[in-house]
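Welcome to this tour! Open the structure in your viewer, keep the selection tool handy, and follow along stop by stop.

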Amino acid sequence: MRRILGDTGQMLRFNWKNLMLFHVGYRLAAAAVYVQLLGFSMEFSLRRAGYSYLTLENAARYFLSPWTLPLLALLAAVGLVLLMVEAGGLTAAFSSSIYSLKMTPLEILTQGIRSSAQQIERKNFGLFAVVAADFFVLNLVCIYRTLTHVKPVNFVIRELSGRPFLYPAVIFFTFLCIAAVIPVYYVFHECMIEQKCYRDGKIRSRELLKGRYVQTVMRVVCPQIFLIGAAAAVYGALVVVMAVFAVVFVQRDLQTAFLLRAADWGEWVVMAGVSLISAPVYFAGLTVQYYRYGHNQIGREQFFAVRSGGLSRRHGLLILAFAGLAGGLGLLDGALNGSFLASSLAVQTEITAHRGSSKTAPENTLAALEAAVEEMADWAEIDVQETLDGVVVVCHDWDLKRVCGVDRRVSQLTWEELKNLDAGAWFSVEYAGEGIPCLRDAMEYAKGKIKLNIEMKYSGADSELPEKVQRLVEEYEMEEQCILTSTSLDYLKRVKEKNPQIRTGHIVPAAYGNYDMDEWVDVISIRSGFVSESFIRRAHENGKTVHSWTVNDKKELERMRVLGVDNVITDVPLLAREILYREEAAESLLEYLRMMFS
């Protein structure tokens, strides 16, 4: 076993640069394509089913919708093909290394595509089931942690986590997958390298494994356990480093929120790293064992005849780099402009800073938006209305006396007159001179930094405010970063008729009436005192999310967390994050480090 592990390490080192270029580039490009396809398919199927969001309560009816299962089957097929291309490329690359020959990234990709096409042509569909089981076992921990961040699956996990049978059941299911994979452990090489059908490859794999099942299982499981342990150690070290950074460089009231957010990002980074490493480790070990046990004498000409020889290594690297760049840009676009998938499946209760961070800076100003970003709010709620000359501006009150000391209405002044008023001096001397922003300025600042809940103040049935706000959202391509809310259902209907992709929220003072049934509404925004478990269940059954306002009290924040509201609108986003995502370990670590550095 020691010898095989040593050979596996040598195999990984032999061509590691080309392997990593292929693997990172391919993962980025494949992830970008698949995430976009997944988001489009889910949005399409949800709309067809009559829902805006997928929740635990409406999941059964969603999956019974006529569009859902065909789209899920298509997504599964595309996902399996993408996994097969990766498996084929890695199998070819490590088989090449047996002969001390290096494959370029483009050759690895080309061979993966060709091998996958051959398996489909030969109807080796059993191999696709094997690759699905393999990648499930390899990424079990990452899959579990991802699912805990995805709704409505997380609700099921949370409900089952208290049951004594859950973890034994997961362990049992994992070993069942391993037991199913081990007998066909060498089928990749038999089908992809030896060009056999799946049935013959399975028989040959069992012959090679005869008398070696226990050591094979150990060689599969032990490296993966080592990787998980190493990842846990790296994550722990990252948390300590981030905690030290928070204590030394971050102001005290931001430290807990900073550490919780940073630790969450750190977990995603570590999981991505483990996922990238686990597959090459697995296929390298698989290849070493296959050639050692099988004593194969495949000629170089036979194997490398299928390699692509028409492009140079430089061209291959350029093409692969382009694919990686395209994939990276696709993921970056989702990060900057938002995505339907993320907004629909995000599990955590999100936090909206009311009128910006209105306890830190003057409400509905750019300074309040900046404070909301600094305090790590997910959303900022702002109020908009029109000036005399039709410019959409950010202001809550109809008159300006409270925030500007001017006894005039917003609608009585032009934008030129309004923008020179002081909307910050009333709050503190520090913000003297802070002006009322127009919505365009607010969106320019917020794009890629924070999502916006834009409340359209009702200005009468003849007002063009809904259309103006809608056009601005489209102009800045912020459909996935904005929710347009109003007390007026007619305003929301007009927005939806112009652009169904823009999400709308109905602001209601109490839980009376059938607000959750309206087709023009995606979000129910309601006073927190009227939020109950039955109200949330009913809204979720109809595919609506619930935003509760204005939640500033610790006990009320705790109640919202227990009830599982989708979003809390608060004047104190820092407190909300500490209450909603409180982790005793993080707080204890911070306290310990504060004592050390005091």
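**Stop 1: Empty spaces inside**

The model you are looking at is a predicted one. Begin with its enclosed spaces: counting those of 30 Å³ or more gives 3 cavities.

Which residues should you select to find the largest cavity? Pick P362, E363, N364, T365, V394, C395, H396, V403, A423, W426 and I436, which together form its lining. The space they enclose is about 80 Å³. Try colouring this selection by residue class: you should get 7 nonpolar, 3 polar and 1 charged residues.

**Stop 2: The second largest cavity**

Now clear that selection and choose A133, D134, V137, L138, I178, V181, I182, V220, Q224 and Y282, the lining of the second largest cavity. Three helices each give two or more residues to this lining: α6 (125-138), α9 (166-181) and α12 (213-249). Show them as ribbons. Which helix gives the largest share of the lining? That is α6, with 4 residues.

The volume of the second largest cavity is about 70 Å³. Colour its lining by class too, and you will find 8 nonpolar residues, 1 polar and 1 charged.

**Stop 3: One helix and its neighbours**

Next, select helix α20, residues 439-446. Show the side chains of L439, A442, M443, Y445 and A446, which are buried. These buried residues sit on the same side of α20, because they cover an arc of only 160 degrees around the axis. Turn the view to look down the helix and follow that arc for yourself.

What do the buried residues of α20 pack against? Add these elements to your selection:

- two helices, α17 (366-374) and α21 (465-475)
- four strands, β2 (379-386), β3 (392-394), β6 (451-456) and β7 (482-486)

Before moving on, click on G448, just after α20. The phi angle of G448 is positive, at about 80 degrees.

**Stop 4: Step back**

Zoom out to take in the whole protein chain, with its 26 helices and 11 strands. How much of the chain is buried? Of its 598 residues, 52% are.

Switch on the surface next. The accessible surface of the chain comes to about 27600 Å², and carbon and sulfur atoms account for 62% of that.

Finally, think about how the chain meets itself. Take the contacts between residues at least 6 apart in sequence: 69% of them join residues at least 24 apart. To see an example of elements packing together, return to α20 and its partners, such as β2 and α21.

Notes:
Residues are numbered from 1 along each chain as its sequence is written. Side-chain values use heavy atoms; hydrogens and water are left out. On a 1 Å grid over the protein atoms alone, a cavity is a set of points where a 1.4 Å probe fits but cannot get out, and a pocket is an open set with protein on both sides within 12 Å along at least five of seven lines; lining residues have an atom within 4 Å of a point. Grid points are joined across faces, edges and corners, and a volume is the space filled by probe spheres set on the points. Ala, Val, Leu, Ile, Met, Phe, Trp, Tyr, Cys and Pro count as nonpolar, Asp, Glu, Lys and Arg as charged, and the others, Gly among them, as polar. Buried means under 20% relative accessible area, exposed over 50%, partly exposed in between (1.4 Å probe, protein chains only). Contact means heavy atoms within 4.5 Å. Accessible areas come from the Shrake-Rupley method with a 1.4 Å probe; for residues, only the protein chains shown count as cover. The arc is that of the directions from the helix axis to the C-beta atoms.
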